[in-house]
Every structure is written in C-alpha cells, then in structure tokens.
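Subject: Structure handover

Hello,

The structure is below, followed by notes on what was found in it. Please read them with the coordinates open.

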Protein chains: 2
Amino acid sequence: MAAQVEVIESRSERKERTRRAILDAALQLTEDSSLVAISLRQVAKEVGIVPTAFYRHFESVESLGLALVDESFESLRGLLREVWLRSPQFQDYIDGSLPVLAEHVRAHRAHYSFIARERAAGPPRVREAIRHEIELISRELATDVARLPDGQAFSTDHLNLLADLIVSFVVTTAERLIEDPGAEARILADTRTQLRMLMVGAINWRSAR
Amino acid sequence: MAAQVEVIESRSERKERTRRAILDAALQLTEDSSLVAISLRQVAKEVGIVPTAFYRHFESVESLGLALVDESFESLRGLLREVWLRSPQFQDYIDGSLPVLAEHVRAHRAHYSFIARERAAGPPRVREAIRHEIELISRELATDVARLPDGQAFSTDHLNLLADLIVSFVVTTAERLIEDPGAEARILADTRTQLRMLMVGAINWRSAR
DNA sequence: AGTTTGAGTGAACGTGTGTTCACTCAGATT
DNA sequence: AATCTGAGTGAACACACGTTCACTCAAACT
C-alpha cells in the first residue's frame, strides 16, 4: 500500500491549477482540429471536470482562445526585442532572430500550432487578436531598423513595408516548422537564404526606387 | 396564379445540379467557419435535401473538401501560365500576375476564403492537397524564370527558393485580400512595392552571394 | 466558533450529430 | 411495354452538444 500524501493547496492555487489544465487541454485538442470545432464538453472531459465547472474560468470557448493568444505571444516579443537590441547590423537581425524563433517554436509547439490554425480559421475576435500581435512585432522591427545606418535609406512607409515583408515570411516559416518538424534544418537553411535575398534587395533599394 | 413550368431534365443533369448545390452550400457555410466545424446535416439542410442523399455525391465531408480544392485552383493555374508565357522581363511577372490574382480573388471570393481557412485548419488530406497545388505554382514560376536572361544568374536551388519566396508572399497577399476586401487598393499597392523590393534583391543576388 | 464564498457537482432540457436501413418512383435501358 | 437503376426519402439509433439550476462542502473571512 502506497502512502497517501495530502497536499495542502490554497483556494487560489487550486483555481489556477484547474485554469492551467483547461488551457493545456484546449491546446491539446486544438492540435489536430480547431477552436471552432472543439466543444466545451470535450475540454471539460479532458481536464476531468464536469462541463459546468468550465464557466468558473472562462465565459466561452472564444475567451479561452483569447487567453491562449496572449500566452503564445508573451515571451516571443520579449525574446525578439532582446535580440534586436543587441544587433548592430541589419544582417544580425536575421542571424539572431531565426534561431531564437526556431527554438521558441520547438519549446512551445502546441502554442504555435494553435496560432497557425486560429490565425486563419479561428473565431473572428481570436483572428483579430493574432493579427494585432503580429502587426506589433512588425512595427517594432521597423522602428528598430530605422535606427541602423542601413535604415536611413528608407522612408517610413518603405521601412514599414520592408518589415511587413520580413515578418510575413517569417510567419510562413514558423507555420512550416509546425507542419513538418522533421524538416527543421532544411527549412531554416532555406529561410536564411531567402531572407538574405530579401536583404540584398533592401540594401540596394535606395538606388533602385 | 403563375403558370407552372415543367422543366425537362435528364438524370445526370439533375445529379450534377445537386452536386453543384452541395459544393455551393459548403462554400457558403465555410465562409465563417471551417470544414472541420460544419456538419453533413447543415450542408444537406442548406441544399434542401435529406442528410442521407449527401452520400450519393460524396463519401464524406473531407472528399467534398478535396473537390473544392481542385475547383479552386483549376482556373488560376491556367491564368498565371498565360501571363507568364507573355512576360519577356522579370518585372512583367509581377505587373501581370498581381492584377490577375486580384481579379480572380474578387471573382471567386468564396473559393479563396475556403482555401485560406482550410490551408491551415482543414482536414490533413485537404491541407496536403492545398500545399501541393501551391507548390506546383511555385515550381512553374521557377522554371519560367529560368528561361529569362535575368534567370541565368541563379542556380536551380536558388531559383526555387526565390520562386517560393515570391509565391509565399503572394499567398499572404491573397489571404489579406480575403480578410479585408475594402482595402484592396492599398493591399495591392503595398504588395507591388514589396515584390519590387524582392526583385531588386533577386537582380543583385548574383554579385552578393 | 460561526458565517460567507465560490470551485466543482450532477441531473435535466431540447436540439444536433453521423450512419443504418428499407422505401419510392421517375428516367434510362432492354 | 416491361424491367432496371439510382437519386432522394423518412424513420430510427445511440450519442454529444451548450446551458439551466439547485446542490455540496472546504477554504477564507469575520
């Protein structure tokens, strides 16, 4: 007979633990479906609570989705800002960011899988929240590049378009990493080359426009 | 009292008409949901047939999805090939393709909306079919550009990467056109500039690698 | 010690789900 | 004219759905 260990747990700790379990269950169920296709009851069953208890934590599946979006982007923005602050050259932005992204995707596969799906197919407010987060990253990149010597060659508008071009493609890359994790090495090598093509364009842009 | 007109209709015509109605109903229901979230019964109700009759046309919702993927890409590939055959310069590929894409998106909004959603969130085989179609377009672009004077500067690998870069970004653009049809003019103008940045990179690539 | 709070329960509701089966009854074939 | 074929029917199945409601009972507060 195993000894029965009684764990002392405060009320708020217990609530947080259940909330966490709900978020994790939703991530797992979303892995090969979508927020709009899973049911409150599936989530509850996965967590091991009765359907009604779900409402103590989220008012709907959609608001659960919004919480997952927040969670997903929370650490990434910080990581990227850190890399960018230490990048003296345009080139360094890629050489630094791409491995950071790849590792982040690897460490948070479920979150990225969730974002990739819901970005296109989620409830409208969830889609909008994701679009907004990506736009914030794009804007941060633009203002950062503006401070570089290379950045002086661009008008504000063109800087924003360049940042959007880069971020859009990196989003595509992240989605590919999720879709086929086994091909990570090839995907990263290809993306690196492609981003360099893009940067050659950016550096030669001033004279070409 | 209106006169009752008796329409003579062959058996296969009638079947084709119902099949068409099922495809259209699925497109409409998918407009703000997803294949994985709609039900066979919803489709049948929309068409005005009993659920069982659905099986006379498709064996599952997934195979309905595969039919819609075929339909969606059918005309686009032909249109793009036509533009590319008449493009003597690299630059012309963009100046020709972008308006063609925009008009195609406008004329087939429901299909593109379907593709945008299911590409990320559809059933696995549907996702795979869409990925495949997009890859075919990318490959065609690569072999076409290879014939141009500008294309001689690239190795086969780099040509494929360049084509993938362009096509990926254009896919993003198509998804934006679907997401916000009212912003078409701005989206197209921005994309045009961004593709030019990209081409400046391509043209200067030889000397930079 | 006595009271309040709130996370989790469990039954019940009306409705929607995919799939089965035996059927009808016009158009196509013989 | 007689037969066959197959698109569409309608009932039935066992189950899953979101939401409601009155409830328990331990931790937190007074």
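How far is a base nitrogen of DNA strand D from an N or O atom in the side chain of A:Arg41? The distance is 2.2 Å.

Some conventions before the rest. This is a predicted model, in which local features need pLDDT of at least 70 and side-chain atom pairs count only at pLDDT 80 or more, while totals for chains, interfaces and linings use all residues. Residues are numbered from 1 along each chain as its sequence is written, chains are lettered from A and ligands numbered from 1 in the order in which they are written, and side-chain values use heavy atoms, with hydrogens and water left out.

DNA strand D

There are 18 residues around strand D (a residue is near a strand if one of its heavy atoms lies within 4 Å of it). Those that come nearest are A:Ser39, A:Arg41, A:Tyr55, B:Arg11 and B:Thr18. Sugar or phosphate makes up 44% of the atoms of DNA strand D within 4 Å of the protein, and bases make up the rest. A:Arg11 has a polar side-chain atom 3.0 Å from a base nitrogen of this strand. From B:Val50, a backbone N or O atom lies 2.9 Å from a phosphate oxygen of DNA strand D. At least two residues of the surface near DNA strand D come from each of α2 (40-47) of chain A and α1 (11-30) of chain B (helices are DSSP runs of H or I, at least four residues, numbered from the N terminus).

DNA strand C

DNA strand C is also surrounded by 18 residues, and the closest are A:Arg11, A:Thr18, B:Ser39, B:Arg41 and B:Tyr55. Here sugar and phosphate account for 43% of the strand's atoms that come within 4 Å of the protein. Phosphate oxygens of DNA strand C lie 2.5 Å from a side-chain N or O atom of A:Thr18 and 2.4 Å from one of B:Tyr55.

Helix packing in chain A

Helices α3 (residues 61-85) and α4 (residues 90-107) of chain A pack at about 155°, with axes 9 Å apart (axes are lines fitted to C-alpha atoms over the stretch in contact, and angles run from 0 to 180 degrees between N-to-C directions). α3(A) is therefore roughly antiparallel to α4(A), a label for angles over 145 degrees. Residues in the contact (heavy atoms within 4.5 Å) include A:Leu76 and A:Trp84 of α3(A) and A:Tyr93 and A:His104 of α4(A).

Regards

Note on methods:
Polar contact = N/O pair within 3.5 Å; in protein donor to acceptor, adjacent residues only side chain to side chain. Parallel < 35°, antiparallel > 145°, perpendicular 65-115°, else oblique.
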